[in-house]
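Subject: structure handover

Hi,

Here is the structure I promised to pass on. Have a look at it first, and then read my notes below.

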Amino acid sequence: MIRAQRLLELGGRATLVLAGKRKAAWVAGVGMLSVAKILENMELGHNIIHGQWDWMRDPDIHSTTWEWDFVAPAAGWKHTHNDLHHTYTNVLGKDSDVGYDLLRVNPDQPWEPQHYFNVPLNMILAPFFEWGIAFYDLEIPKFRTGEVTREEFQEGLKALGRKMVKQAAKDYTATPLLAQAVSGSGKAAFWGTFAANTVRNLWAHSVIFCGHFPDGVDVFTEEMIDGETRGDWYVRQMLGSANISGSALMHLMTGNLSHQIEHHLFPDLPSNHYAEIAVKVRDICARYGLPYVTGPLHKQISQSWRTIAQLSVPGSGTQREGAQVLPLVALA
């Protein structure tokens, strides 16, 4: 997979450098680079940084050494995502991934005037998703309240600055300059790389939102997890996640985050096993009367955007149609 991803990236950049002025070549270059960035972000970066391949003790694909092709530094993302989101999945006040400190995505979130702009803010967030995640990982609201110290915030800001320079140098300086020198297509290469990043961001945004915000996905309060057992934690992962149905190609391009329920149950399990255990997880849900939320991509996307639109106005704090509110019960 790493070899395939790198060949696609090399092919995409080479096409933009050598023949970027030709429309067909530009489209081909953007296409290859977009797929390469999606695979690196979803199938490789996300899963490696989760530690799914740490058991191999290979320093090249270890969670402590991998730095992905994403503006957000891996270290900051590991804290907000691995440590916080996967521990406190969908717990209001604990899991800031519920709306990413920006959007109202659940009726239990208090309405604020900024939520009038739910839809336009999400329309801006989607094509620039990597930038939204990068600044989200700085935990600015916690810095304002003192939960994150000035030293911690400044360290995160410096790491983000270094990563921004590295990404800009690769995508928006080196590739366009080389293209300009070789074929006079520097401008085309610049916009081609920008287009590939935009495609990757739109895809990542869609996959992540489909895994957390469609109908039937529950949100919890801190009181509900007080005294939570390990069995309760597993049930909360099932109730707080949603899958995307589709082909093997769909699962590959999502990094198997189309199996979001299984990923939340076992985040450090190699993702190529999620399809295998999904059958057993679905059977357990059926036996114990627990919802197993899944659906095709277009359905999950439409439900997520509809919810974001509905919750943009005050007085929309009623439970979403189709949502399940179930007590947390430990599975025997």
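**The pockets**

The largest pocket has a lining of 25 residues, and Gly93, Asp95, Ser96, Val98 and Asp101 are the ones nearest its centre. Two elements give two or more residues to that lining, namely helix H3 (74-85) and helix H6 (140-145). Before you load anything, bear in mind that this is a predicted model. In volume, the largest pocket comes to about 610 Å³. If you care about the chemistry of the walls, the lining of the largest pocket splits into nine nonpolar, nine polar and seven charged residues.

Next comes the second largest pocket, with about 420 Å³ of space. It is lined by 18 residues, and closest to its centre you will find Gly76, His79, Asp137, Glu139 and Glu152. H3 turns up here too, since H3 and helix H7 (150-183) each supply at least two residues of the lining of the second largest pocket. Which helix gives the largest share of that lining? H7 does, with six residues. Sorted by class, the lining of the second largest pocket has nine nonpolar, three polar and six charged residues.

**The cavities**

How many cavities of 30 Å³ or more does the structure hold? There are two. The largest cavity encloses about 240 Å³ of space, and of the 23 residues lining it, Trp77, His81, Phe129, Ile133 and Ile208 are the closest to its centre. Quite a few helices take part: H2, H3, helix H5 (129-136), helix H8 (186-210) and helix H11 (260-265) each supply at least two residues of the lining of the largest cavity. The largest share there, four residues, comes from H3. As for the make-up of the lining of the largest cavity, count eleven nonpolar, ten polar and two charged residues.

**Two helix pairs**

A word on how I describe these: two packed helices are given by the angle between their axes and the distance between the axes.

Start with helix H1 (residues 2-19) and helix H2 (residues 23-49). Their axes are 8 Å apart, and the packing angle is about 150°. Angles over 145 degrees count as roughly antiparallel, and H1 and H2 are therefore roughly antiparallel to each other. The crossing of H1 past H2 is left-handed. On the H1 side, the contact takes in Ile2, Gln5, Leu8, Glu9, Gly11, Gly12, Arg13, Thr15, Leu16 and Ala19. Facing them from H2 are Ala25, Trp26, Gly29, Val30, Met32, Leu33, Val35, Ala36, Lys37, Leu39, Glu40 and Leu44. Broken down by class, the contact of H1 with H2 has 13 nonpolar, five polar and four charged residues.

The other pair is H7 and H8. Their axes come within 7 Å and cross at roughly 145°. Which hand does the crossing have, left or right? H7 passes H8 in a right-handed crossing. H7 brings Asp171, Tyr172, Thr175, Pro176, Ala179 and Gln180 to the contact, while H8 brings Gly186, Lys187, Ala189, Phe190, Thr193, Phe194 and Asn197. By class, the contact of H7 with H8 has six nonpolar, five polar and two charged residues.

That's the lot from my side. Shout if anything is unclear.

Cheers

Note on methods:
Residues numbered from 1 in each chain as written. Predicted model: local features only at pLDDT ≥ 70, side-chain atom pairs only at ≥ 80, totals over all residues. Heavy atoms only, no water. Axes fitted to C-alpha atoms, helices over the stretch in contact; angles between N-to-C directions. Parallel < 35°, antiparallel > 145°, perpendicular 65-115°, else oblique. Left-handed = near helix turned anticlockwise from the far one by under 90°. Contact = heavy atoms within 4.5 Å. Nonpolar A, V, L, I, M, F, W, Y, C, P; charged D, E, K, R; others polar. 1 Å grid on protein atoms, 1.4 Å probe; cavity = no way out; pocket = protein on both sides within 12 Å on 5 of 7 lines; lining within 4 Å. Points joined across faces, edges and corners; volume = space filled by probe spheres on them.
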